[in-house]
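Biologist: Please take a close look at one part of this model, the interface between its two domains. What holds the eye there, in numbers and residues?

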Amino acid sequence: MTRTILTVVGARPQFIKAAAVSRVIADRPNLNELIVHTGQHYDPGMSDVFFDELGIPVPARRYEFGGGTHGAMTGKMLAAIEDALVEDKPDAVLVYGDTNSTLAGALAAAKLHIPVIHIEAGLRSFNRRMPEEINRVMADHLSALLLCPTQTGVDNLKAEGIIKGVHAVGDVMHDATLYAIEQSKAKSDVIDKLDLKGRDYEVCTLHRAENTDDVERFALIIAFLEKQAEERLVVFPVHPRTRKVMAERGITPKGVMQVDPMGYFDLHRLLAGSSLVLTDSGGLQKEAYFHRKPAITMRDETEWVETVEAGWNRLWTQDDWISPRHEIPDYGQGDAADRSVDAIETFLAGVN
Ligand code: UD1
């Protein structure tokens, strides 16, 4: 019997994760996938480029719910996804990560008694001031199948009393990165375009609300970037939120090369040639490790504790990386998407 999964995506990291998993779903004869794009990220450089490059199936539904307050954005998504679910009657709803799109998808489905599958389940920063933390806690408590990238994720869920339907399957971002590393060799000209050949540089990304929205904290981060830039050029693909904030406050960090957000292959080509990664993104902390580049995370805590324990990542409040560095087996061998879809098929076989 063919089963239909309705996948909700909306923000950049979800397109990347969905690409890895959708490729596997497409190969399974008994699974059918409908993609719903909430429009949370709507700039072509934040959205379309990923669908084009990564060959993600064209969304069955595409909304325009980017911008606005969290409540308004999530509320509009919730109402629209509910309509879509009533009409399309999927056997399950698949959500990724921790964005407002994740929360809306999970909540709409759970209220209609449609099982929720959460990929990247169990992550915690234990900082409820982050909207992402609220989204991921809610999504996990609404989910029937919880696919964790790490054993830490499994342990975090257990501590909250969630044991049923929990599996450690590895990190689908690892699969996505391996694909991008291969593809970007031929498909990216970013090093030439930015005139970086033979140059020593660091890569920076910055977009978290808790960093950008706090004026003092943001100023400290910019000072930190400028200090880094005294040693080496810092290449900074600027997220739209951050661009807006810098324009409003008249900030132009010295020694920092600001560029537009990049496609996935360009970003990975850039990472491959870098010496160090500075970021407040969840994804980049691990992508740095997948390239075996050290990272400094500009936050006071991280969900990806393994990267810190293994000496590849450190918080900017930490003096040095833990040594000696070691490998991190949790993330899998590039087989996390396969393992996720195996778990989904087994789960759906048991759903009436
Ligand atoms: C969101 C997610 C975060 C994820 C990140 C990846 C939430 C709460 N946060 O944060 O978990 O790591 O995406 O990038 O869901 N904007 C544009 N163009 C775009 C997209 C956004 O101009 O294509 C603007 C929005 O209008 C808004 C700001 O950028 O003013 C922030 O966008 P938003 O979707 O709220 O959150 P992100 O910071 O991108």
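What follows is a walk across that interface.

Modeller: First, a caution: this is a predicted model. The domain assignment splits the chain into domain 1, covering 3-171 + 332-349, and domain 2, covering 186-330. Their C-alpha centres are 25 Å apart. Domain 1 brings 25 residues to the contact, and domain 2 brings 20 residues.

Now the area. Domain 1 and domain 2 bury about 1,900 Å² between them. Carbon and sulfur atoms account for 55% of that. On the domain 1 side, three residues stand out: E53, M130 and D171. Together they supply 22% of the area that domain 1 buries against domain 2, more than any other three residues.

Next, the polar links. Three salt bridges are found across the interface of domain 1 and domain 2. E132 pairs with R208 in a salt bridge. The closest N and O atoms of E132 and R208 are 2.5 Å apart. Ten residue pairs are in polar contact across the interface, both residues of each at pLDDT 80 or more.

Then the secondary structure. On the side of domain 1 that touches domain 2, four elements give two or more residues: helix 1 (12-26), helix 2 (48-54), helix 5 (131-142) and helix 6 (151-159). Helix 2 gives the largest share of that side, with four residues.

Last, the make-up of that side. The residues of domain 1 that touch domain 2 divide into eight nonpolar, nine polar and eight charged.

Note on methods
Residues numbered from 1 in each chain as written. Predicted model: local features only at pLDDT ≥ 70, side-chain atom pairs only at ≥ 80, totals over all residues. Heavy atoms only, no water. Domains from an automatic or database assignment. Contact = heavy atoms within 4.5 Å. Buried area = accessible area lost by both parts, 1.4 Å probe. Salt bridge = Lys/Arg side-chain N within 4 Å of Asp/Glu carboxyl O. Polar contact = N/O pair within 3.5 Å; in protein donor to acceptor, adjacent residues only side chain to side chain. Nonpolar A, V, L, I, M, F, W, Y, C, P; charged D, E, K, R; others polar.
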